[in-house]
Amino acid sequence: MKKKWIMYLTVSTILILVFLYFYFRSTKIDAVKAKKQDYTEKILVTGTIQAKNFSVLTSGINGVIEKIYIREGQPVTKGSIIAKLNTQEIEADIAKAKALYEKSKYDLEVVSSVSLENAKAQLKSAQINYDISKREFLDHEKLYQKKYISRLEFDSKNRSLLTLKKP
């Protein structure tokens, strides 16, 4: 048992010495005093440059570009003319639309005039019917006042006139 204690004591002493060695070991540091001076270094690299502000251009109409007025990388501002489109197809579509508009305008005038003429004819017919009905009513009234017809006959004739003349 004594040997066991001696062994423990020896191992623990060695461990303590190793620990103290590493703990108190001095590290050597090399120091250089800094001086103030300019420093320039050229770096040659290859890569892709991307713009800070990137925009996608679109057009409200489709077409073939006829001419481009700017170069790649050239700055542009709002309202700048960038390109010219071939407008032959668009102009043809505009001409078709104008022709369709004029035809529709003419058709509307024809329909309006026909409807106006029809309305005038109906008004004239209604005025004639009114005049005839008025004359018949006045005639029946005179006959009733002269006692040539009874009240019952007078009312029945007026009712028949009213039902015949309703629009």
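Author: Two residues are in contact when heavy atoms lie within 4.5 Å. The model discussed here is a predicted one.

Reader: What share of the contacts in the chain with a separation of 6 or more comes from residues 24 or more positions apart?

Author: The chain has 3 helices and 2 strands, and along the sequence these follow the pattern α-β-β-α-α. Among contacts with a separation of 6 or more, the share from residues 24 or more positions apart is 23%.

Reader: In which element of the chain is confidence lowest?

Author: The average pLDDT of the chain is 80, and 90% of the residues score at least 70. Where pLDDT is low, the predicted coordinates should not be read in detail. Helix α1 (residues 2-24) has the highest confidence, with a mean of 87, whereas the lowest, with a mean of 71, is found in α3.

Reader: How far apart are the end C-alpha atoms of helix α2?

Author: Helix α2 covers residues 88-145, which is 58 residues. At 1.5 Å a residue, the expected span is therefore 86 Å. The model agrees with this expectation, as the end C-alpha atoms are separated by 85 Å.

Reader: Which residue just after α2 takes a positive phi?

Author: The residue belongs to the loop between α2 and α3. Its phi is near 65 degrees, a positive value in a residue other than glycine. Its relative accessible area is 71%, above the 50% cut-off, so it counts as exposed. The residue is Lys147.

Reader: What is the C-alpha to C-alpha distance between Asp155 and Tyr144?

Author: Asp155 is part of helix α3 (residues 151-165). With a relative accessible area of 26%, Asp155 falls between the cut-offs of 20% and 50% and is therefore partly exposed. Asp155 and Tyr144 are 11 residues apart in sequence, and their C-alpha atoms are separated by 9.8 Å.

Reader: How are the rings of Trp5 and Tyr8 arranged?

Author: The structure holds 1 aromatic pair. The ring centres of Trp5 and Tyr8 are 6.5 Å apart and the planes stand at 75 degrees; an angle over 60 degrees is the criterion met here, so the arrangement is edge-to-face. Both residues are exposed and lie in helix α1, 3 residues apart, about one turn of the helix. The name for the arrangement of Trp5 and Tyr8 is thus edge-to-face.

Reader: Which residue in strand β2 pairs with Glu66?

Author: The structure holds 2 salt bridges. One of them, with an N to O distance of 3.3 Å, joins the side chains of Glu66 and Lys84. This pair links distant parts of the chain, 18 residues apart, with Glu66 in strand β1 (residues 65-68) and its partner in strand β2 (residues 83-85). Glu66 is partly exposed at 47% relative accessible area, as is, at 40%, the partner Lys84.

Reader: What is the N to O distance in the salt bridge of Lys103 and Asp107?

Author: Lys103 and Asp107 are 4 residues apart in helix α2, so about one helical turn separates them. Lys103 is exposed, with a relative accessible area of 51%, whereas Asp107 is partly exposed at 33%. Side chains of opposite charge can pair when their charged atoms come close. For Lys103 and Asp107, the N to O distance is 3.0 Å.

Reader: What percentage of the residues of the chain count as buried?

Author: The chain exposes about 17400 Å², of which carbon and sulfur atoms supply 60%. Buried residues are those under 20% relative accessible area. Of the 167 residues of the chain, the buried share is 4%.

Technical notes: Residues are numbered from 1 along each chain as its sequence is written. Side-chain values use heavy atoms; hydrogens and water are left out. The expected span of a helix is 1.5 Å times one less than its number of residues. Buried means under 20% relative accessible area, exposed over 50%, partly exposed in between (1.4 Å probe, protein chains only). pLDDT is the predictor's confidence in each residue, from 0 to 100. Rings of Phe, Tyr and Trp (its six-membered ring) pair if their centres lie within 6.5 Å; planes under 30 degrees apart count as stacked, over 60 as edge-to-face and the rest as tilted. A salt bridge is a side-chain nitrogen of Lys or Arg within 4 Å of a carboxyl oxygen of Asp or Glu. Accessible areas come from the Shrake-Rupley method with a 1.4 Å probe; for residues, only the protein chains shown count as cover.
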